[in-house]
Amino acid sequence: MDQLENRKHVAIFILLQIALIATSFYGGFLFHKRFGYPAGEFPLLKQAYTILKENALDELPEENLLEHGMIRGMLQAYGDPHTVLIEPVQHELQVHQFEGKFGGIGARVELDLRNQVFLFPFPGSPAEKAGIRDGDRLIAVDDLQITPETGIDEILAAIRGPIGRTVTLQIRRSPRQDDLTVRVRREEITLPSVTANLAPQDERVGVIHVNLIATTTAAEIEREIDDLQQRGATHFVIDLRDNAGGLVEAGVDIARLFLEKGVIISQKYRGETVKTFNVASPGKYTDLPLALLVNSGTASAAEIVAGALKQHQRAVLIGSHTYGKDTIQLVFDLQDQSSIHVTAARWWIPGFDPPLGETGLIPDISLSDENTRTPLIMETAVGYLLN
């Protein structure tokens, strides 16, 4: 009898083991089915997203925010510092900068220490015509309610829009008055990339401040030089300090204004032959006495201008080593109006040694980078040109 009982116990134990193994196998099968690798590209990413979505304690961010995070991670793994994702608002503002114009109301936007937003309309602007006054506090733009947490880029993007369309602004003129609703029809507003003045040290020197290399920059420089010449300027300083660059061909066009002949740059995209940009005919200002101001913030297309003029011994460079960015980024718009900037080509100045990407441009007259942001650099440039 005892032997029979023992056999029963062994049989039950074996059945339990089989049941346990089967249960474990089935549980694993269900887990794999639920969280397994989906078919298609990036299976790990899809698997991780599924696990996060179905198991995370807190609610997930909006889908587009998750996608932007995924894209940033992918670009970070790629490892190129200039291949980046640009959010929709920043992308829109960049487009305006490089085009040199946008649909707007013509008002300066300023923040106070509490992040309150105030408007200061330009003379004759749509904002002024609509009745906006200096110091009017901006409360809302269409459906965008402005709080201390609202970013300035988001506010600017909301104010700007298609030329001829109307934007509705809610403003507060006084705490004792009701808020006002003002409708302003947008007009084309130019966004100058260049400002100019006569040097306070000596009015024989005209100073051209180039803030960005945009489509309109070469024409703006030409207009400012002609104006300053009429006001008595005979020598010129082109200020490229902290100019992060812009459009490559716009940089080439600026260099052409001052060169008589020769090669400006060569560039190469993957899988394509080398393309060379030359001076087809002498520029308008080939004899203009010229000095260029540069520093560590001078980069990209601004370095094309400075490097080409230095290589052709057309201008003296004053300041500190430039950034050394010799790559070209293509901009691809995404479905949500964000964009990816992808490094797709490299440019160089033929005969330039050492390569710009290794050292940046080395000035002819060197100052510390700190001193490039003081009046010393302008004093140095004026002294060089007139002595």
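Which residues does Pro88 touch, not counting residues up to four places away in sequence? Keep that in mind while you set up the viewer.

**Before you click**

This is a predicted model, in which local features need pLDDT of at least 70, side-chain atom pairs count only at pLDDT 80 or more, and totals for chains, interfaces and linings use all residues. Residues are numbered from 1 along each chain as its sequence is written, and side-chain values use heavy atoms, with hydrogens and water left out.

**The whole chain**

Start with a cartoon view. You'll find 11 helices and 19 strands; these are DSSP runs (helices H or I, at least four residues; strands E, at least two), numbered from the N terminus. Colour by burial next: of the 387 residues, 39% are buried. Here buried means under 20% relative accessible area, exposed over 50%, and partly exposed in between, with a 1.4 Å probe and protein chains only.

Switch on a surface and the chain exposes about 22100 Å², with carbon and sulfur atoms supplying 54% of that. Accessible areas come from the Shrake-Rupley method with a 1.4 Å probe, and for residues only the protein chains shown count as cover. If you like contact maps, take the contacts with a separation of 6 or more: residues 24 or more positions apart account for 64% of them. A contact means heavy atoms within 4.5 Å.

**Stop 1: Pro88**

Now for the opening question. Select Pro88 in helix H4 (residues 88-99). Leaving out residues up to four places away in sequence, Pro88 touches His68, Asp336, Gln337 and Ser338. Add Leu334 to the selection: Pro88 and Leu334 are 246 residues apart along the chain, yet their C-alpha atoms are separated by 8.9 Å. Pro88 itself is partly exposed, at a relative accessible area of 24%.

**Stop 2: helices H7 and H8**

Select residues 217-230 for H7 and 248-258 for H8; their axes come within 8 Å and cross at roughly 30°. The axes are lines fitted to C-alpha atoms, for helices over the stretch in contact, and angles run from 0 to 180 degrees between N-to-C directions. H7 and H8 are therefore roughly parallel to each other. For angles, under 35 degrees counts as roughly parallel, over 145 as roughly antiparallel, 65 to 115 as roughly perpendicular, and the rest as oblique.

Show side chains here. From H7, Thr217, Ala218, Ile221, Glu222 and Ile225 meet Asp253, Ile254, Leu257 and Phe258 of H8. By class, that contact has six nonpolar, one polar and two charged residues. The classes go like this: Ala, Val, Leu, Ile, Met, Phe, Trp, Tyr, Cys and Pro are nonpolar, Asp, Glu, Lys and Arg are charged, and the others, Gly among them, are polar.

**Stop 3: Phe258 and its partner**

Stay on Phe258. The structure holds one aromatic pair, and Phe258 is in it: its ring and that of Tyr285 have centres 5.9 Å apart and planes at 35°, so the pair is tilted. Rings of Phe, Tyr and Trp (its six-membered ring) pair if their centres lie within 6.5 Å, and planes under 30 degrees apart count as stacked, over 60 as edge-to-face and the rest as tilted. Phe258 lies in H8 and Tyr285 in the loop between strands S14 (275-278) and S15 (290-294), so the pair ties together parts 27 residues apart in sequence. Both residues are buried.

In the loop between S14 and S15, pick Leu288 too. Buried or exposed? At 8% relative accessibility, Leu288 counts as buried. Beyond four places in sequence, Leu288 touches Ile225, Gln229, Thr234, Phe236, Phe258 and Arg314.

**Stop 4: Leu292**

Move into strand S15 and select Leu292, which is buried with a relative accessible area of 0%. Its contacts, leaving aside neighbours within four places in sequence, include Ile238, Leu240, Val305, Leu309 and Val316.

**Stop 5: two backbone spots**

Check the phi angles of two residues that aren't glycines. Asp142 has a positive phi of about 50° and sits in the loop between strands S5 (136-141) and S6 (144-145). Gln313 has a positive phi of about 55°; look for Gln313 in the loop between helix H9 (301-311) and S16. Asp142 is partly exposed, at 38% relative accessible area, while Gln313 is exposed, at 73%.
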